Amino acid sequence: QVQLVESGGGLVQAGGSLRLSCAASGSIFSMNATGWYRQAPGKQRELVAVFTSTGSITYADSVKGRFTISRDNAKNTVYLQMNSLKPEDTAVYYCNAKAYSVSYSRVTYNYWGQGTQVTVSS
């Protein structure tokens, strides 16, 4: 069973940077999608950045040019480098790994970390 543990969150002023880490107990890069989501108070959880099994990377429009997702295969760790942080980036950030059926008709596995809080002050 895959377990995901996030770290690196904290308090930072606007314009600052943070790097989030997600350490997996097992290999997650064989999953169809591996990446980061976030949920701000009163808002729905949204995708931030994700790797697909084909090697493509998708970013939310709101973070393009500021955030960078990367991974270390040997360490089974995925990172989110966050630069030029804005107050609206304040949220709980969650690591996620998903697997789909071969037809992509349904999710077969869906793993979440416990979340790490990122707070960006003005």
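Which residue does a disulfide join to Cys22? The partner is Cys95, with the two sulfur atoms 2.0 Å apart. This is a predicted model, and every value below is computed from it.

## The disulfide

The structure holds one disulfide. A disulfide is a covalent bond between the sulfur atoms of two cysteines. Here the torsion about the S-S bond of Cys22 and Cys95 is about -85°, so the bridge is left-handed. Cys22 sits in strand β3, residues 18-24, and Cys95 in strand β9, residues 91-100; the pair therefore ties together parts that are 73 residues apart in sequence. Both ends are out of the solvent by the accessibility criterion: Cys22 is buried, and Cys95 is buried too.

## The chain as a whole

How many helices and strands does the chain have? It has zero helices and 11 strands. Read from the N terminus, the order of elements is β-β-β-β-β-β-β-β-β-β-β. The radius of gyration is 14 Å, close to the 14 Å that the globule rule gives for 122 residues, so the chain is as compact as a globular protein of that length. Along the principal axes, the C-alpha atoms fill a box of roughly 45 × 30 × 25 Å.

Of the 122 residues, 44% count as buried. Contacts across the sequence are part of the picture. Among contacts with a separation of 6 or more, 55% come from residues 24 or more positions apart.

The accessible surface of the chain comes to about 6500 Å². Carbon and sulfur atoms account for 48% of that surface. On the charge side, the chain carries 11 positive and 6 negative side chains. The centres of these two sets lie 4 Å apart.

## Selected residues

The table lists five residues with their places and relative accessible areas.

| Residue | Place | Relative accessible area | Class |
|---|---|---|---|
| Val2 | segment before β1 (4-7) | 16% | buried |
| Ser21 | strand β3 | 16% | buried |
| Tyr59 | strand β6 | 21% | partly exposed |
| Asp61 | loop between β6 (57-59) and β7 (67-72) | 64% | exposed |
| Asn76 | loop between β7 and β8 (77-82) | 18% | buried |

**Val2.** This residue comes in the segment before β1. What does Val2 touch, not counting residues up to four places away in sequence? The list is Ser25, Ser27, Ile28, Met31 and Tyr111. Arg19 is 17 residues from Val2 in sequence, and their C-alpha atoms are 22 Å apart in space.

**Ser21.** Strand β3 holds Ser21, and Cys22 of the disulfide lies in strand β3 as well. Leaving aside neighbours within four places in sequence, Ser21 is in contact with Val5, Glu6, Ser7, Trp36, Thr77, Val78 and Tyr79. Ser21 has 16% relative accessibility and so counts as buried, the cut-off being under 20%.

**Tyr59.** Is Tyr59 of strand β6 buried or partly exposed? Its relative accessible area is 21%, so Tyr59 is partly exposed. Beyond neighbours within four places in sequence, Tyr59 is in contact with Val48, Ala49, Lys64, Phe67, Thr68 and Ile69. Tyr59 and Arg38 are 21 residues apart in sequence. Their C-alpha atoms are 12 Å apart in space.

**Asp61.** The loop between β6 and β7 holds Asp61. Asp61 is exposed, at 64% relative accessible area. How far is the C-alpha atom of Asp61 from that of Cys95? The separation is 19 Å, with their positions 34 residues apart along the chain.

## Positive phi in two loops

Which backbone angle stands out at Asn76? Asn76 is not a glycine, but has a positive phi of about 50°. Asn76 lies in the loop between β7 and β8 and counts as buried at 18% relative accessibility.

Tyr104 is another case. Its phi is positive as well, at about 60°, although Tyr104 is not a glycine. Tyr104 is placed in the loop between β9 and β10, the latter spanning residues 107-112. Strand β9 is also where Cys95 lies.

Key
Residues are numbered from 1 along each chain as its sequence is written. This is a predicted model: local features need pLDDT of at least 70, side-chain atom pairs count only at pLDDT 80 or more; totals for chains, interfaces and linings use all residues. Side-chain values use heavy atoms; hydrogens and water are left out. A disulfide is a pair of cysteine sulfur atoms within 2.5 Å. Helices (H or I, at least four residues) and strands (E, at least two) are DSSP runs, numbered from the N terminus. Buried means under 20% relative accessible area, exposed over 50%, partly exposed in between (1.4 Å probe, protein chains only). The radius of gyration is taken over C-alpha atoms; the globule rule is 2.2 Å times the number of residues to the power 0.38. Contact means heavy atoms within 4.5 Å. Accessible areas come from the Shrake-Rupley method with a 1.4 Å probe; for residues, only the protein chains shown count as cover. Lys and Arg count as positive and Asp and Glu as negative; His and the chain ends are not counted. The place of a charge is taken as NZ of Lys, CZ of Arg, CG of Asp or CD of Glu.
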